[in-house]
Structures are given as structure tokens and as C-alpha cells.
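Student: I have a structure to look at and would like to know how its descriptions are justified. Can we go through them one by one?

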Amino acid sequence: MSLKVRFLYSEDCPSHEEALRRLQDVLREERVDADIEVVRVGSFEQAEKERFPGSPTITIDGRDISPIANAHYAPACRAYRLEDGRISPLPSTFMIREAVLAAKRES
Amino acid sequence: MANLKSADKALPFNLPGVDGTNHNLQEYSEKNAVVVIFSCNHCPYVRAWEDRMVEVQADYASRGVQLVAINSNDAVKYPEDSFAKMKERAQEKKFNFPYLRDESQKVAKAYGAERTPEVFLFDKSGLLRYHGVIDDNYDNPAAVKIMYLREALDAVLTGTLPRTTETKPVGCTIKWK
């Protein structure tokens, strides 16, 4: 079972290391064989090219784990709406796991 | 790094607010404490903390404390931080404090602010008594262990120095032009 996983982040935005750790933990727990491509987004041009709505962004098989409609691409932090309604700078482990499990089912 | 260190005097500002009037530091000279928070619309750290900012103002208003939020971000590159969007956010979240626009970014540069949110707490004499984060958990209000700003306010309002006068600001970088 192999998925294409990308982790995109901006240095301007703290806590991306925690998000990456959460992603690595979920992939290990779900026994997903995936090399995470880690991409640092450092400019508006790159953000446009990568369709980067903010840091951190996780895509699995090309799909954002929390898609944003009409996203503005910029090397900035992005907000996640968690399952309990709170706004957070990071995706929750639950959110990441749901996305990984959905990708596993589809692949 | 902030240009102000402990016991430095607050730097003046005169900025337009979302309420349609200009606000300057001098109008708060009778307050027992003034909390200047560099803030913005788009930053998820601000969004995670802003309800707590409203709560602090509500809880401490009767003790003569005034919060003032200042948005210095480049609204061209970050349109969510425009003045129009600021007005919407203030209404949506029922801000009970002035939300001011620092279009030229001069105030942020003068203070040496680098992040949003970033707190500068001044006492009755206008001296800096606390600088840094609001509390120790941006992500989960229920998991907060140390309420740095509240503890500093409690100290300042009783005429004592806060136990913690400086924490490292956590949040998005201020978006410079």
C-alpha cells in the first residue's frame, strides 16, 4: 500500500514540525508505505505554482486533506477548522487519519 | 525582536479604527493598564486566540484595563487583512476593543513587533510590564496551563511586577510590504 504524500510548509509559520510529526505518526500507525515529499514554499511565485493555500498543507495522491474553496495562494499560515469547531494552525491527528484512510480505500 | 524592553515607555500611535474613528495611545492615559496586541485577520494563531482576547477585555474592563488590537499586515498581498475585512471580523467576533489599522506599518516597526498575536502590556505609568504570548496553548483553551497575560494583568493591577515579564511570541510573522 503506497500513497503519494506531500507536506508543504512555510518557514514563516511555526509549528510545521509538529504537523509533520503528526503525519508521520499516522502513516506509521496505519501501516502506510509512503515517502513524504517535504516542500518548503518560500515565495508567492512558488505558492502559486504549488497551489499552496498556506502552511502546513498535506496532500495525499494530489488531494489536500482539507480542501479550501477559492483558496488564496501565499507563503503564509493557514487555518484548519477542527472536528470540534475550533480554529487551529494545524490539522488534527483525526483529520490526517481520516484523509489517509480515505486515500487507502480509494487506491 | 521587540524594540521595547521591560519598563520602557509605550510608544504613541494614532490609527484609524474599525469603528470609524481614530484612536491614539493618549486617550487611554487614565487606564490602569493598556494591552497592545499586534494582530490581524488571516493568521490562524490569532483566530485560535481571539475569543480569549475578547474574554480578557470583558473580564478586566471594570478594573480599568484596555485592550487595543493593531493590524499592520500588507493587505495587498494578504487581502483577508484589509480594512474592510477587519470591520467584518470585528463585527463577527463582537470585538469589545478597538481594532486599528497600521497601514504604513510604522507602529509595528517602532514596537519591533514580529508576530501576530504579540502582546505588549503597559501599566498605569505607561511602562512595559509584559511582552509575549497570551497564554501557553494557542491550540486548545481547555488545555491552557499558564495564562501569562492574565497573570501579568493581575500583578500590574495590584502594583506588583509579573512573575513572567517576557515570553517568546508565537504566531504568524507580520506581513511586511
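Tutor: What follows is a set of questions about the terms used for this predicted model.

Student: What makes chain B as compact as a globular protein of its length?

Tutor: The radius of gyration of chain B is 15 Å, and the globule rule gives 16 Å for 177 residues. The two values are close, so chain B counts as compact in that sense. Its C-alpha atoms fill a box of roughly 45 × 35 × 30 Å along the principal axes, and 47% of the residues of chain B count as buried.

Student: How do you know that chain A agrees with a compact globule?

Tutor: For 107 residues a compact globule would have a radius of gyration near 13 Å, and chain A has 13 Å, so the value agrees. The box filled by the C-alpha atoms of chain A is roughly 35 × 30 × 25 Å. Of the residues of chain A, 39% count as buried.

Student: Which elements make up each chain?

Tutor: Chain A has three helices and six strands, in the order β-α-β-α-β-β-β-β-α from the N terminus. Chain B has four helices and nine strands, and its order is β-β-β-α-β-α-β-α-β-β-β-α-β.

Student: Why is A:Arg31 called exposed?

Tutor: A residue is exposed if 12 or fewer other C-beta atoms lie within 10 Å of its own. A:Arg31 has 8, so it is exposed. A:Arg31 lies in the loop between helix H1 (16-29) and strand E2 (36-40) of chain A.

Student: Why is A:Asp61 called partly exposed?

Tutor: Buried begins at 20 such neighbours and exposed ends at 12. A:Asp61 has 16 C-beta neighbours inside 10 Å, and therefore counts as partly exposed. A:Asp61 is found in the loop between E3 and strand E4 (63-64) of chain A.

Student: What is noted about the phi of A:Arg31 and that of A:Asp61?

Tutor: Most residues other than glycine have a negative phi. The phi of A:Arg31 is near 55 degrees, a positive value. For A:Asp61 phi is near 50 degrees, also positive in a residue other than glycine.

Student: Which residues does a cis peptide bond join in chain A, and which in chain B?

Tutor: Most peptide bonds are trans. In chain A a cis bond joins A:Ser55 and A:Pro56, with omega about -10 degrees. A:Pro56 lies in the loop between helix H2 (44-50) and strand E3 (57-60) of chain A. In chain B a cis bond joins B:Thr116 and B:Pro117, where omega is about -5 degrees. B:Pro117 lies in the loop between E6 and strand E7 (118-123) of chain B.

Student: How do you know that the span of H1(B) is close to the expected one?

Tutor: H1(B) has 17 residues, and 24 Å is expected at 1.5 Å a residue. From first C-alpha to last, H1(B) reaches 25 Å, which is close to that. H1(B) also bends by about 40 degrees at B:Glu50.

Student: What covers the buried residues of H1(B)?

Tutor: The buried residues of H1(B) include B:Tyr45, B:Trp49, B:Met53 and B:Val56. The cover includes strand E6 (87-88) of chain A, along with strand E3 (33-39) and helix H4 (148-157) of chain B, among others.

Student: Is B:Gln57, in helix H1 of chain B, buried or partly exposed?

Tutor: Buried needs 20 or more other C-beta atoms within 10 Å. B:Gln57 has 18, so it is partly exposed. Not counting residues up to four places away in sequence, B:Gln57 touches B:Leu67, B:Asn96 and B:Phe97.

Student: Which residues touch the most other members of the largest nonpolar core?

Tutor: Of its 61 residues, they are B:Val35, B:Tyr45, B:Ala69, B:Val119, B:Leu121 and B:Leu149. Helix H1 (residues 44-60) of chain B gives the largest share of this core, seven residues. Another core, of 17 residues, lies apart from it, with A:Leu23 and A:Tyr80 among its members.

Student: How many residues does each chain bring to the contact between chain A and chain B?

Tutor: Chain A brings 15 residues and chain B brings 14 residues. The side of chain A that touches chain B has 10 nonpolar, two polar and three charged residues.

Definitions and conventions:
Residues numbered from 1 in each chain as written. Chains lettered and ligands numbered in written order. Predicted model: local features only at pLDDT ≥ 70, side-chain atom pairs only at ≥ 80, totals over all residues. Core = buried A, V, L, I, M, F, W, Y, C linked by C-beta atoms within 7 Å. Helix = DSSP H or I, 4+ residues; strand = E, 2+ residues; numbered from the N terminus. Contact = placed C-beta atoms within 7 Å. Nonpolar A, V, L, I, M, F, W, Y, C, P; charged D, E, K, R; others polar. Expected span 1.5 Å × (residues − 1). Bend = angle between axes of the 7 residues up to and from the residue. Rg over C-alpha atoms; globule rule 2.2 N^0.38 Å.
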